[in-house]
Amino acid sequence: YANKDYYPKSYFENNEQEKHMLSCCENFQRQYCQLYPDRKLLLLAPKNEFGVEKFICSTIRPTLVKHLEMYNFIGCSRFVADYLTFKPLDSPINLPSVVSSPTTTLKLQKGTCFDYAILLCSLLIGSGYDAYCVSGYATKEVTLMDESLKDCPFLLKKDEIKEINQKEILNKYAVKPPKCLVSQFETQMEAKRIARIQEEDYKRKEEEKHKILKDNLYGLRVHCWVLVLSGKREVPENFFIETLTGISKPVDHYEYLGIENIWNHRNVWINMQDCSEGIKKISYDLGDPIKWEFMFPNKDKPFVILPNLLDANEEEEDVYDDIVNIPPSWVSKIEVSEKDFQTSCSGKKTILYKNAKLDKFCEYYNKDGLISKISVLDDVEDTIVEVQEIFKHRNDRLEKRIRNTKTGWINDQFAPGHNYGLKGREGHYRQGGYLFVVITLSQLYNSETRTLTSKAAARRNELSAVLPGTCSRVDGLVKREQNEKEIVEFFKNRDDYLTIRQAYYDEDVKKFLPQGNNGMSIKKMVEKYDHQRDKKESIAEKSFLVSEERIMIKYHLQDNRITASYREFMKPPGFLIEKLHQMKFSKDMTSAYLVDATEEPIKELPVYNLFTQLLLDEKSCEDKIRESEAEMSKILMERKKEEVDVKLLVSIYDTERNTKAKLRKEKQKQPLTEDTKPDSELDYLGPFLTKMGNPEYLKQSDALKLKEDCLNYLKQRLIDKANKIQECFEKETSILQQKQAEFQEKQNSMTKEEEEEYLNFCKKVMFKIHILELRLNRFYNILCSNF
């Protein structure tokens, strides 16, 4: 242990109140042994790290640490599990003879399950939870912290698709559904196959449980964990926390086999319920004296008084008259420094599971910001199939990466704040580049639709209240997919109601090079739009068949219609967009299908205007596709550079890693010199007193002369500034007059660009003259008012 000089006296000796408590523990232990000789001794007064007996309740020191992440039970349990190194008990079936204080456990960074539980219970009680240390029995895998037979609890679970059975609306005019052409025999065989797989899986799990039951010390292995009761901190139900792993579990978990007693910083309760069949039927009502025998009466958990035990003629006695004052904790205040909190894993920590390997790293341990890595293993080949990585403090805002080693699929997820507004990027990667890329972009709240979509202001798809109308991209792009055959863009909340823009490439192009090859010929382009309810006919889809020299538009389905209208245009041979105004239009260049046959046909002029607009839209769509290709190549190149040169962000409050903040803090501690003194400490009369010989006392005449010198000096400074401003004012005025004279001479021969340049120049010069004029007036007013 560390030097005793760093510990207070309470670690080495007991005061009178603690000695009285130890005598009470000895008396209680003796009576307990006489009443229940078949049960093991209770852990009431173990020795601390210096060999001094201490009451187990006073070993708990409720403390609220300064770190916000440890204000809930998840943060506290993860810190304890990651920061400490597990040390098994000397005897797996006996209670420990030494229980260290939480402060010593933190300093040594190792301890038994009892040390884990006492430290975690101290942090939870300090955070406001109703937490207790539990002394009982558990399986071999729990007591030895063996996770090799369990599935990794941190694996990302796929979203379960729930089928919603919609109620059928009976309508005698409705079209009858088609007959089911699926073979019932095949359906039954598939159901049998699934049932057989489930049965095999169930047998496998039962065999694993039987392996646990083969332990010779099954039910005798001592263990300690934490119980959190409902009530405080809005905890809805009771649950356990396995301190060695930091994972919460239900109170009827099969790994816990029995409970002897529980305690917090105020009392000890002994379990009087039968645990021969496990702990599934145990009640945690600590106020019930039949189920839980308390060591001292306590008002925090008032016990139930049975009415049949009281005499009707006798007055009810106060059951809390004999309350014993529990001595305060002898442990010093628990302190977790910023460095200890960030290095909770002591560099690196590895946990082996049945189907995965988990590697935990402390912050800033890896140069790429990696803090967690899960390697998923194949059950048959025992090879790595998938790798899930979590990053922190990266400059490129990368948070999570999922990589499939077999297929080459990579999925990157980013935190808000990326330069290109990236939210996700995924695709198949092969040597030489990406074969398929999906870029997901963030989009915020839109004032027109009044809906909340994905955002770039809060983490992990959490909805955030932001200013209406703000968006990560002006064009409303939320997703882009690109491969060697096509590129697809998805939009939301656009003014023109565009939702999808898609382009198909020529099949002759066999290789996709996103690094900058934008010369792939486009075969077809499609734009899809939302329905505009305020218009009678709103366009649903525009198809630009570039290879066939055709353009086709489809309209949205109207009410009470089963088909939709469409129109098709044929381009004239040898058409160029630059010669659009010279194009000759005829009726043979268009054909249409109108749903309403009684509707009057559209005249030729509106059809011509629609055709010309579609031709311009085709050119605009092609330009947008080319811009998207260039932007996609730029994003991939930028991501490549970011992966090569990874930089980690350091907070300005982290003076250990932030060199600028560290130098600033050291500079603040240095004594002030004449150059570093603030203006409030400077002596403005020093130069004038030096001219007078620095007299110790000033006469009235000397003081008046000093005042006159100061005012004259101030007046001269103001005059000099005013003269400089006047010179600048005259200079800018002369330049403006000279420029105006030149404009009058060359006005007829100047181009539009030269005229715009002249007007911009005049605006800048007039702005400067206006500012100089305002400053001159200000100085003249000061001179007139003071002098």
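How do the residues of the lining of the largest pocket divide into nonpolar, polar and charged? The tour starts there, and it should be kept in mind throughout that the model is a predicted one.

**First stop: the largest pocket**

Begin by selecting E69, R78, E363, I371 and K392, which are the closest to the centre of the largest pocket among the 50 residues that line it. The space in this pocket comes to about 1,800 Å³. To answer the opening question, the lining divides into 20 nonpolar, ten polar and 20 charged residues. Next, colour the elements that give two or more residues to this lining, namely helix 2, helix 7 (338–342), strand 11 (356–361), strand 12 (370–377), strand 13 (384–391) and strand 14 (398–404). Helix 2 deserves a separate look, since with five residues it gives the most to the lining of the largest pocket.

**Second stop: a patch on the surface**

Now show the side chains of L64, L68 and Y71, which form a nonpolar patch on the surface and together have about 340 Å² of accessible area. Of these, Y71 is found in the loop between helix 1 (16–35) and helix 2 (73–83), and because its relative accessibility is 40%, Y71 counts as partly exposed.

**Third stop: salt bridges**

Side chains of opposite charge can pair when their charged atoms come close. The structure holds 33 salt bridges, and a few of them can be visited one after another.

Select E190 and R193, whose side chains meet in a salt bridge with an N to O distance of 2.5 Å. Both residues lie in helix 6 (residues 184–213), where they are three residues apart, or about one turn of the helix. E190 is partly exposed, with a relative accessible area of 36%, and R193 also counts as partly exposed, at 35% relative accessibility.

Move on to R494 and D496, where the side chains meet in a salt bridge at 2.9 Å, N to O. Here D496 has a relative accessible area of 35% and is therefore partly exposed.

Then select D617 and K542, whose side chains meet in another salt bridge, again given as 2.9 Å from N to O. This pair links distant parts of the chain, with D617 in helix 8 (residues 604–644) and K542 in strand 22 (residues 539–545), 75 residues apart. Are these two partners buried or exposed? D617 counts as buried because its relative accessibility is 17%, and K542 is buried as well, with a relative accessible area of 10%.

To end this stop, select R394, D396, R401, D412, R425, R639, E642 and E643 together, since salt bridges that share partners join these residues into one network.

**Last stop: the largest cavity**

Rolling a probe the size of a water molecule over the atoms shows where empty space is left. A search of the whole structure finds seven cavities of 30 Å³ or more, and the largest cavity has a volume of about 80 Å³. To see its walls, select K40, L41, L42, L43, L95, S135, G136, Y137, V222, E260 and N261, the residues that line the largest cavity. Strand 3 (130–138) and strand 7 (256–263) each supply at least two residues of this lining, and strand 3 has the largest share, with three residues. By class, the lining of the largest cavity has six nonpolar, three polar and two charged residues.

Technical notes: Residues are numbered from 1 along each chain as its sequence is written. This is a predicted model: local features need pLDDT of at least 70, side-chain atom pairs count only at pLDDT 80 or more; totals for chains, interfaces and linings use all residues. Side-chain values use heavy atoms; hydrogens and water are left out. Patches are made of residues with over 30% relative accessible area and no salt bridge: like charges are joined within 9 Å, nonpolar side chains (Val, Leu, Ile, Met, Phe, Trp, Tyr) within 5 Å. Accessible areas come from the Shrake-Rupley method with a 1.4 Å probe; for residues, only the protein chains shown count as cover. A salt bridge is a side-chain nitrogen of Lys or Arg within 4 Å of a carboxyl oxygen of Asp or Glu. Helices (H or I, at least four residues) and strands (E, at least two) are DSSP runs, numbered from the N terminus. Buried means under 20% relative accessible area, exposed over 50%, partly exposed in between (1.4 Å probe, protein chains only). On a 1 Å grid over the protein atoms alone, a cavity is a set of points where a 1.4 Å probe fits but cannot get out, and a pocket is an open set with protein on both sides within 12 Å along at least five of seven lines; lining residues have an atom within 4 Å of a point. Grid points are joined across faces, edges and corners, and a volume is the space filled by probe spheres set on the points. Ala, Val, Leu, Ile, Met, Phe, Trp, Tyr, Cys and Pro count as nonpolar, Asp, Glu, Lys and Arg as charged, and the others, Gly among them, as polar.
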